[in-house]
Amino acid sequence: MVNCCGLVTVKNEPVPLKSIAVEVSVQGHVATVSSTLQYENQEQSPLEAIFVFPLPGEAAVCRFSAKIGQTEVVAEVQEKQKAQEQYDDALSSGQQAFLLEESDESPDVFKLSVGSLPPGEKASVSLDYVTELAVQADDGLRLCLPAVLNPRYQPQGSDSGSGGSAQVSSVPAGSVPYSLSLSAHVSSPHPISRVESNCPLDPLNYLNTEKTQATVSLAAGHQFDRDVELLLYYQDTHQPTAIVEAAQASAKPGSLMGDPVVMLSLYPEFPKDVMSSMTSHGEFLFVVDRSGSMECPMHLGSGSQDRIGSARDTLLLLLKSLPMGCYFNIIGFGSSYESFFSKSVEYSQKTMDEALQKVKEMRADLGGTEILQPLKHIYSQPCLPDQPRQLFLFTDGEVRNTKEVLDLVKTNAGSHRCFSFGIGKGASTALISGVAKQARGHAQFITGQDRMQPKVMQSLRFALQPAVVDISVKWNVPKGVSVTPLSPPIRVVFQGQRALLYAQLTGESSGDTEGSVMVKYSLAKQPVENQLSFSLKPAEDAGMTVHRLGARTLIQSLEVEEGEQDGEKEGVKEKVIELSIQSGVSSAFTAFIAVHKGDGEALHGQLLRRQVPTPNWYLCSSVLEPDMKLSELDDRADQLMCSASEFEVGTKSKCKMRKRNSMSAQKAKGSLASRVKGFFSQQHFDSPAPTSKPVRDPLLQLISLQKASGSWVLEAALAEVLAKTEEEVSKPKPAQVDQDVWATVLALVWLYGFKMEAQEEWQFLAMKAVSWIQAQKVASVSECVQAGNTLLGCQVQKDTLGL
C-alpha cells in the first residue's frame, strides 16, 4: 500500500503498474532498448490508467505493443489527431485501446494511455526505442533509463491544458509500487574494458575471448526509484567507423526504409600538445538557474551542499580560470532574469572582483524556471568581433517548454556554442543534451555524489581548446549509386565529442560491392584525413537500428524547419508525418495507436482513471515551488486533492467528482494547506543569507585570493591557507625576488604538493600563474621553487610546475 495523494481511491489501493523489465542491446555507440510494463486491474470497475514515460532526448520509439490476456495487438503510427480520435472512439464503445504520444513541450516525455482494462484483467505493454549513447568526458558511453520525472514548471501564460502537462503523481522514494529488472548485451568492434553503474550490477560476463561481446544485469531486487545509468568503456574508441545496414525487405526501394543506410562515427583524438594549448579569446556567458528548486541538496544524505551553493563555488573557479583578454557576463534566471552587467565586459581585476562580490550574494530566489526569456535576451545582443561566444547553462532542467527552447537555440546555433549542465536526478535529458547538441557544445549530468566543479572545468577545457573545424565528408560510391545525407553537416567537433552522420544509399551497382568515405578536417591548423571503406551489400538486419536513428535525425531537422518556415509549415509537417509512418519512428505530429476489439461487447461498470506515480525526491522540487506566495497554496492544495480524488468517466469522457468525497476533500485541503504553509514557514525560504562564516575549503580559499592576472599577493590570508604565519612565509623569500612572484610560486608549490587529486579544477588558474611568472622574466625561479619546497615540506620539481 502506498500512502500518496496521487491514488484514486480513499482506500489507498495499489496502482495497476506492477513491474518493468528492460532488455538493452548495445552496438558500439548506439543501442536498442526494449521495455515491458506489466499492469493488473484490481478494481471492481474497468480502469483507464495513464503513465508518463520519460525517454532519453535522442530516443526514437520504434515499436509499441499491448497484450490483454492472451491477445496481443501491435500498434501502428498514425497522425496524432487521427490516433487520438480512434482511441477515444474505442474507449466509448467499450474496447481496449492503447495510445502512445510525444509531449508537445518536451520530446523526452511520452504519455502512455493504457485504455480500458476489465476488472481483474492483466495487461502487458511493450515499448522499444533506439538511441545514440552520449559520450562522457572520460570516453565512457552513457545509457540512462530516466525513472524520475520531476514535475516540470509551467511558464506563466502558457497553455496548461496540453497533452504534455498530464499530472504525474509523486510518492516517497523507496515506496514505488513497481520494480525494475534490466539485462544488457553489449557488442563492440573494439574490446569492452568495463561497465559501470550507479546501481548494483551482477559481474560482467564476457562472451568471447576477444572481449568484444558481454552481458551484464542489474542485481536482483532493484526498485525503480532513481535514474538507472550504465557507463560503457571500450578500447580504441577514437577509431572512426562506417557501418552499413541493409534495407528492409518489405519496403519499397527508393524510400528510406527500402534503401541501405550508412552510419559514420567520428570521434577524433586530440594530441597532448593540442590538449595543453589554450586560447585567450572568447565571450563567456554563465547562465545560472536561480529558481527555488536550486535550494535543494545536491544529493541525499547529511552534509550535502545545496545546488545554488555548489553553483557559487563553481562560478568562483570559472572566474579565476578565465584568460586575460576575454569578455564575460553572468545571468541568473528564474521567473525573471538578472544580468551582472548590462553587456559583456572585458575580463580584468576590477570586473572580476565586482562579479565575485555579486556571486557571494547570489541566492535561489528568482521563483520558477523559465529559460526561454534570458536566452532570447542573450541572442538579441550582438556578438563581439574575434570573441567567439561560449554559453555555460546550469539548471536542474525542470521546464515544460523544452521544444521551444531547443528551436530557439537551433536558430542561433551559428553564432555560439553551449555547454550545459543538468543538476540533480530530475534534469531533463532532452533539455540538457538538446541545447548542447544544437549549439555544438557538450552536455554534463551531475547526479548522486558527483561534484559540479570537476565536470564544469572539463567543459571549460573544451571551450578553451582548439576544436576540429573545416570538416568535409566526401562519399565515393560506384556508378548507379547515390548518397543522400540524413544528418545536417558537421561544422565543429570538440575534444571529447563524437559525431554520428547518417546517409541513405540509393540505387545499385552492377559490379562494385564497396564504397568509401573520405573525412577531412583541421585541428590546431593541422590537416587530418581518414578514409573508410564499407560494403554496399551488408547482411540483413531485422533490428533496423541505424535506419531508425537516421529517420529520427531527419525528423528532428524537419521539425525545427517546420517551426521556422511559416509559409511552408504544412508541407514540412506532412513530410514529417510521412517519414514517421514509413519508418515507424514517432514524432511530435504522430502517435502509436493499438485497439483490441475483443468480442465486440461493450464493457460494463464505471470507468476509473488513475495516475501511476513516479518517485518524489524532494518536496521543494515537487508540485510546490519554494517561492510560492501563501495565498497561492490553497489553489495548489485544490490541485493536489483533485489528483487524489476518485473520478467517474462516462462514455462521453466527462468527469465529475463523487459527492461522497467532497466533505473529506475540503477537510483534507485545509489540513494540507496548513501543513504546507507550516513547511515553508519553517524553511525560511525568504529569510536572508546566514551571517555566520562557514568553514571554507583551503583550496577554494587559495583560489579566491588569486588575481585576474594569475598572480598571488604576499598577505596574511595566503599565509593562513599555507598553515604558516606571515613571518614564516616572508622570511625564506630570496632577496632579489619580487613579493608577488614569491607568493605565486608558493601557491603553485602548494597546489602541486597537496592538491593533485583536484588538479582538474585548478589547472587553468595554475597555467595563468605560470604565464604571469614567465612574463616577469625572473632569473632565480629554481631558487624560488627550492625555497618553497623547503618551507612547505614538498618535493615539487620546477618542470612539474611548467616553469
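Residues 24 or more positions apart account for 74% of the contacts in the protein with a separation of 6 or more, a contact being heavy atoms within 4.5 Å. The model is predicted: local features need pLDDT of at least 70 and side-chain atom pairs count only at pLDDT 80 or more, whereas totals for chains, interfaces and linings use all residues. Residues are numbered from 1 along each chain as its sequence is written, and side-chain values use heavy atoms, with hydrogens and water left out.

The secondary structure comprises 19 helices and 36 strands. These elements are DSSP runs numbered from the N terminus, with helices (H or I) of at least four residues and strands (E) of at least two. Of the 803 residues of the protein, 56% count as buried; buried means under 20% relative accessible area, exposed over 50%, and partly exposed in between, for a 1.4 Å probe and protein chains only. The accessible surface comes to about 33900 Å², and carbon and sulfur atoms hold 49% of that area. Accessible areas come from the Shrake-Rupley method with a 1.4 Å probe, and for residues only the protein chains shown count as cover.

One pair of residues distant in sequence involves helix H1 (residues 80–92), which contains Tyr87. Tyr87 and Ile593 are separated by 506 residues in sequence, yet their C-alpha atoms are 7.1 Å apart in space. Tyr87 is buried, at a relative accessible area of 4%.

Strands E4 (residues 60–68) and E5 (residues 71–74) run antiparallel and are joined by four bridges; strands pair if DSSP finds at least two bridges between them. Ser65 has Val74 of E5 as its bridge partner. Two residues lie between the strands of this hairpin, where Gly69 takes a positive phi near 65 degrees.

Most residues other than glycine have a negative phi. Lys211, which is not a glycine, nevertheless has a positive phi, and Asp236 likewise has a positive value in a residue other than glycine. The table places both residues.

| Residue | Phi | Loop | Relative accessible area |
|---|---|---|---|
| Lys211 | about 60 degrees | between strand E15 (205–206) and strand E16 (213–217) | 40%, partly exposed |
| Asp236 | near 55 degrees | between strand E17 (228–234) and strand E18 (241–245) | 46%, partly exposed |

Helix H16 (residues 739–754) has 16 residues and spans 22 Å from its first C-alpha to its last, close to the 22 Å expected at 1.5 Å a residue. The expected span is 1.5 Å times one less than the number of residues. At the N-terminal end of H16, Asp738 acts as a cap, with a side-chain oxygen 2.9 Å from the backbone nitrogen of Asp740. H16 is mostly covered, as 12 of its 16 residues are buried. Among them are Val741, Trp742, Leu746, Trp750 and Tyr752. The cover over the buried residues of H16 includes helices H13 (698–705), H14 (716–721), H15 (726–730), H17 (759–775), H18 (781–792) and H19 (798–801).

A search of the whole structure finds zero disulfides, a disulfide being a pair of cysteine sulfur atoms within 2.5 Å. Cys418 counts as buried at 2% relative accessibility, and Cys794 also counts as buried, at 11%.

Terms used
A polar contact is a pair of N or O atoms within 3.5 Å; within protein, one must be able to donate a hydrogen and the other to accept it, and residues adjacent in sequence count only if both atoms are side-chain atoms.
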